[in-house]
Amino acid sequence: MGMPIFQVDAFTDRAFAGNPAAVCLPSPDVADRWLREVGAEMNLAETAFLWPDGDSYNLRWFTPTVEVDLCGHATLAAAHVLWETGRLDAAATARFNTRSGLLTARRVSNKIELDFPAERDTEGECPVGLREALGADVRYTGQNRFDLITEVQDAGTLRNLHPDFRRLREISVRGVIVTCRSDLPDYSFISRFFAPAAGIDEDPVTGSAHCCLGPFWQLRLGRSEMSGYQASRRGGVVGVRMEGESVVLSGQAVTVLKGELMVAH
């Protein structure tokens with residue numbers, strides 16, 4: 001018997017935009033090697049694996065090459081699948097046990113809200129080779145436990161970046177967040193996210209990066225509620241609301257594929 005698997009476009013209200021994630025509901029005794037192989041086979045920024053555990057779910061995330069500690073878009077996709085398939089009541093809060101602790105999701109009108117930890121950065125020196133790898137000057141560089149965050153001069157600079165991914169891969173972080181103030185009235189800031197060391201040259205829309213972008217722009221804009229646009233080729237919108245040491249991320253999701261994974265573990 002096959003294992004249910006779905007592909008969901010997250011942080012978008014239409015198919016073929018936002019960030020695609022696979023969501024798989026395997027049997028509880030699968031081996032880690034099998035999870036890694038499925039992540040590589042799906043070849044998406046993340047594949048989420050879900051197992052029921054009492055009134056919550058255990059949740060793990062895999063890129064095509066590594067397991068990661070925090071992922072926003074695949075968590076949003078996982079919650080979307082639970083509600084859409086009736087595994088979770090529409091009014092219930094989705095509770096996920098993860099490598100970053102308990103994460104929750106709830107439906108609010110036509111959006112999903114994720115309660116995630118704030119991942120504040122600490123300002124530091126620009127790493128050797130970063131400017132050359134990005135092909136642009138940077139106004140600010142900081143780092144949290146996952147990523148570097150860099151601010152560039154303006155939206156034109158950000159949109160026109162063509163990074164040298166080989167050089168970026170040599171920098172010892174999960175990924176590099178590049179951001180600036182928005183040039184569009186509907187958004188507070190814009191960003192891009194590059195993670196070649198994790199097997200993803202450019203991630204289309206990165207929820208976990210907004211756990212850093214939220215507090216970063218709260219300090220600069222003086223606002224606790226913002227909207228971020230990730231200016232990848234697919235593009236996507238992430239609502240951000242700061243609540244102390246939590247960042248509430250919000251967005252929509254669309255299921256584009258559903259089927260069965262037929263290869264046994």
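Strands here are DSSP runs of E with at least two residues, numbered from the N terminus. In this predicted model, Gly 228 has its place in one such run, strand 15, which covers residues 225-230. The relative accessibility of Gly 228 is 0%, so the residue counts as buried, the cut-off for that class being under 20% relative accessible area. Beyond its neighbours within four places in sequence, Gly 228 makes contact with Tyr 187, Phe 189, His 210, Gly 236, Val 237 and Val 238. A C-alpha to C-alpha distance of 8.8 Å separates Gly 228 from Gly 214, and the two glycines are 14 residues apart in sequence.

It helps to step back to the whole chain at this point. The protein chain holds six helices and 18 strands. Its radius of gyration is 18 Å, close to the 18 Å that the globule rule gives for 265 residues, so the chain is as compact as a globular protein of that length. The C-alpha trace spans about 55 × 40 × 30 Å along its principal axes. Of the 265 residues, 55% count as buried. The accessible surface comes to about 11,600 Å², and carbon and sulfur atoms account for 46% of that surface. As for contacts between residues at least 6 apart in sequence, 61% of them join residues at least 24 apart.

The nonpolar interior comes next. The largest nonpolar core has 56 residues, and those with the most contacts inside it are Leu 50, Trp 61, Phe 96, Ala 105, Val 240 and Leu 249. Helix 2, residues 72-84, supplies the largest share of this core, with eight residues. Apart from this core lies another one, of 20 residues, including Ala 133, Ala 136, Val 138 and Tyr 229. Val 240, listed above for its contacts inside the largest core, touches Phe 189, His 210, Gly 214, Ser 224, Glu 225, Met 226, Val 247, Val 248 and Leu 249 once neighbours within four places in sequence are left aside. Phe 189 and His 210 thus appear among the contacts of Val 240 and also among those of Gly 228.

Strand 4 offers a good place to look at pairing in detail. Five of the seven residues of this strand, residues 56-62, are buried, so strand 4 is largely enclosed by the rest of the structure. Strand 3, residues 46-53, pairs with strand 4 in the antiparallel sense over seven bridges. Within that pairing, Arg 60 in strand 4 is the bridge partner of Phe 49. The hairpin of strand 3 and strand 4 has two residues between the strands, and Gly 54 takes a positive phi near 65° there.

Strand 5, residues 67-68, also pairs with strand 4 in the antiparallel sense, over two bridges. Here the bridge partner of Phe 62 is Glu 67 in strand 5, and the hairpin that strand 4 and strand 5 form has four residues between them. With strand 6, residues 94-98, strand 4 pairs in the parallel sense, over two bridges. Tyr 57 stands opposite Phe 96 of strand 6, and Phe 96 is one of the residues with the most contacts inside the largest nonpolar core.

Ser 56 also lies in strand 4. At 7% relative accessibility, Ser 56 counts as buried. Not counting residues up to four places away in sequence, Ser 56 touches Trp 51, Arg 95 and Asn 97.

Technical notes: Residues numbered from 1 in each chain as written. Predicted model: local features only at pLDDT ≥ 70, side-chain atom pairs only at ≥ 80, totals over all residues. Heavy atoms only, no water. Buried < 20%, exposed > 50% of the residue type's maximum accessible area, 1.4 Å probe, protein only. Pairing = 2+ DSSP bridges. Contact = heavy atoms within 4.5 Å. Core = buried A, V, L, I, M, F, W, Y, C linked by side-chain atoms within 4.5 Å. Rg over C-alpha atoms; globule rule 2.2 N^0.38 Å. Areas by Shrake-Rupley, 256 points an atom, 1.4 Å probe, with all protein chains shown as cover.
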